[in-house]
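Student: I should like to examine how the terms used for this model follow from their definitions. May we take the terms one at a time?

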Amino acid sequence: MIPDEITTRPWHLVRYGTPAEAQYLCDYAASFDATVFNANMVAHAPRAVALFVGERGVKPFLIDPLTHAFQHDPAVLMNKDGNLKKSIRKLADQYGSLVSDRAGITPINPKDLSQAAIEEMCDAVMLFQRETIVKRLEEEGLTDYLEFAEVGAIARPMVLVAPYFFMGAQTWREWLGLNISFADCAADRTDGEPLYLELVIDQAVLADDAATTTIASAYAGASADGVLVWIDSFSEHDVSPAALLRFMSLVRTIHSSGKRVVNLHGGYFSVSLLGPAGGSILGGVCHGMEYGEDRAVVPVGGGIPMARYYYPDLHRRLRYADVLRLATRRGYLADSRAFHEHVCDCPVCRSVIDGDTNRFAQFGEGREVSFQRKGQLVTLNYPVTASKDLCLRHYLERKRIEFARHISIDAPDADSEANVLRAVVDKYTEDLGLETVAYLLGWAEAIAPRQ
Amino acid sequence: MRGSMTENDLANAVEKHLLCEGWTVFREVPLLARCVDMIALSGADEIMAIEFKLDNWRRAIAQARDHTIACDSVVICMPTRRNSDAMLRALDEEGIGLFSYCQEDDALDRILMPRSPAHTSPIARKWLENAIEARAEGGDR
């Protein structure tokens with residue numbers, strides 16, 4: 001169940017990518033509201049996930065069931081040896097006979113989903129979310145000291161997510177009805193738990209007004225408490241202002257039906273939609289550990305974060321070398337006061353700099369790695385673990401600050417937020433070029449169009 | 001003549017000239033996330049970065065500009081050609097020098113002398129010095 005303290009406020013969600021990230025989630029637990037697990041991670045490493053939830057995870061959670069994984073060409077689910085990825089195999093075996101039999105062999109198509117198949121899959125997917133972690137905690141003997149109600153509160157997801165399939169520009173008509181059938185089926189099987197749907201679409205669907213309107217209306221009218229939205233590879237930094245407006249329109253339609261809408265892969269632009277600047281049309285935003293502010297639907301799972309320094313004014317991660325050049329050129333490394341005033345004053349940066357801007361080097365320490373690329377020797381500097389750790393902690397601090405800015409009592413309205421974004425463009429255009437910072441103008445235009 | 005020359009040929013020829021002039025030369029030196037084609041050290045610890053290009057001077061300037069953060073001077077080096085006003089103006093604005101190499105005469109001409117960069121970073125300088133030191137210790141130029 002959703003804890004009372006976050007029932008009414010916008011959610012800051014963080015994705016648990018790998019067990020190695022657990023420590024960061026614990027260290028920054030006070031700065032976010034809930035954790036999102038991918039179902040294949042729960043299936044593959046149930047002990048690590050259960051221990052995190054039972055012993056360290058002081059946060060409620062939800063599980064993305066990732067049922068879309070089984071509709072794609074099985075090639076995208078294979079490891080480099082040509083075998084089905086272990087985590088996907090384990091997940092498939094939990095999802096009923098249709099998924100288990102097809103995984104890694106042939107994709108699931110709409111014609112395969114009879115009412116009986118929908119019901120079987122729905123039962124299995126709901127059971128997996130409800131019980132996997134509870135069972136594992138019981139096996140570990142970690143539920144012995146808990147009351148029955150406490151087990152539910154700690155080890156069961158705060159919302160259940162109905163099975164879902166990805167909808168492309170050419171296929172949404174085939175999948176939409178099935179996704180709504182899954183929603184209805186899941187709604188019949190809830191036991192008082194909030195039910196969320198997952199709306200996963202190709203960017204090209206957003207470009208089709210009729211498709212977007214039909215899909216948004218269908219999800220707005222579905223039997224559910226909320227909708228988790230995932231637009232394939234929807235980078236707020238790269239898409240056009242028109243795409244941002246269509247995204248907002250989709251969200252607004254579902255939001256106006258009274259459902260909470262959560263962007264499963266969002267950055268600062270989405271965060272601004274949590275508050276008055278964006279009309280509070282989003283009810284939650286999820287991101288990962290530095291990566292995951294946008295994500296491709298396939299391949300399923302995976303993704304290794306590269307250490308980059310999140311540049312607060314620009315709301316994006318930059319290569320350390322580029323930050324160093326920018327900050328040097330603008331005189332922000334002249335002394336610590338200038339650095340904290342113009343670059344970042346988060347606790348991590350204050351602790352690292354500690355009065356000496358030469359310590360900024362700690363964010364970029366690396367080791368030389370040389371390799372052949374297109375017949376030429378290329379030498380790159382790969383960040384060392386300590387640098388990656390600092391970049392990640394700085395990122396999590398900045399995310400905390402960004403969310404707080406837009407859900408606080410004095411959160412900016414659309415005009416003042418747009419003015420801030422436009423001022424940042426003016427500030428950095430000379431150094432970085434308009435093309436590099438133009439996405440901020442797109443964000444400003446989307447939330448407060450100029451007359 | 002340019003058609004038969006590669007960037008590597010150009011760098012080899014210039015390296016020979018600089019060694020004769022008393023510079024210490026290192027090739028492909030990493031600097032932050034980039035790589036400098038050639039670093040030349042004078043006896044006075046002056047660090048000069050050289051970026052080689054057969055054509056596409058705009059790309060050469062863009063790459064050279066990145067090196068100004070850690071070097072005392074930065075130049076681009078191209079085979080002898082008719083240098084356009086736009087190119088010379090762009091180089092002058094950035095304070096980047098221009099070397100021109102004539103393969104026929106095996107001559108290296110300093111067309112435009114570089115200026116000291118306006119913005120350097122002690123952090124980047126230290127990185128570059130460490131990289132050069134590692135090359136020197138490894139006997140790898």
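Tutor: The count between chain B and chain A is two salt bridges. This is a predicted model, in which local features need pLDDT of at least 70 and side-chain atom pairs count only at pLDDT 80 or more, while totals for chains, interfaces and linings use all residues. Residues are numbered from 1 along each chain, chains are lettered from A in the order in which they are written, and side-chain values use heavy atoms, without hydrogens and water.

Student: What makes D322(A) and R34(B) a salt bridge?

Tutor: The term requires a side-chain nitrogen of Lys or Arg within 4 Å of a carboxyl oxygen of Asp or Glu. The closest N and O atoms of D322(A) and R34(B) are 3.4 Å apart, so the pair qualifies.

Student: Which elements of chain B each supply at least two residues of the side that touches chain A?

Tutor: They are β1 (24-31), β2 (34-41) and α4 (122-137) of chain B; helices (H or I, at least four residues) and strands (E, at least two) are DSSP runs numbered from the N terminus. The largest share, six residues, comes from α4(B). By class, this side of chain B has eleven nonpolar, three polar and four charged residues.

Student: How many residues of each chain are in contact?

Tutor: Contact (heavy atoms within 4.5 Å) joins 18 residues of chain B to 20 residues of chain A. The two chains bury about 1600 Å² between them, 60% of it on carbon and sulfur atoms; buried area is the accessible area (1.4 Å probe) lost on putting the parts together, summed over both.

Student: At what angle do helices α18 and α19 of chain A pack?

Tutor: Helix α18 (residues 414-432) and helix α19 (residues 434-447) of chain A pack at about 170 degrees, with their axes 8 Å apart. Why α18(A) is called roughly antiparallel to α19(A) follows from the cut-off: angles over 145 degrees count as such. The residues of this contact divide into 14 nonpolar, two polar and three charged.

Student: How do you know that R9(A) and D33(A) form a salt bridge?

Tutor: Their closest N and O atoms are 2.3 Å apart, so the pair meets the criterion already given. R9(A) lies in the loop between α1 (4-7) and β1 (11-16) of chain A, and D33(A) in the loop between α2 (22-27) and β2 (34-38) of chain A, so the pair ties together parts that are 24 residues apart in sequence.

Notes. Ala, Val, Leu, Ile, Met, Phe, Trp, Tyr, Cys and Pro count as nonpolar, Asp, Glu, Lys and Arg as charged, and the others, Gly among them, as polar. Axes are lines fitted to C-alpha atoms, for helices over the stretch in contact, and angles run from 0 to 180 degrees between N-to-C directions. Angles under 35 degrees count as roughly parallel, over 145 as roughly antiparallel, 65 to 115 as roughly perpendicular and the rest as oblique.
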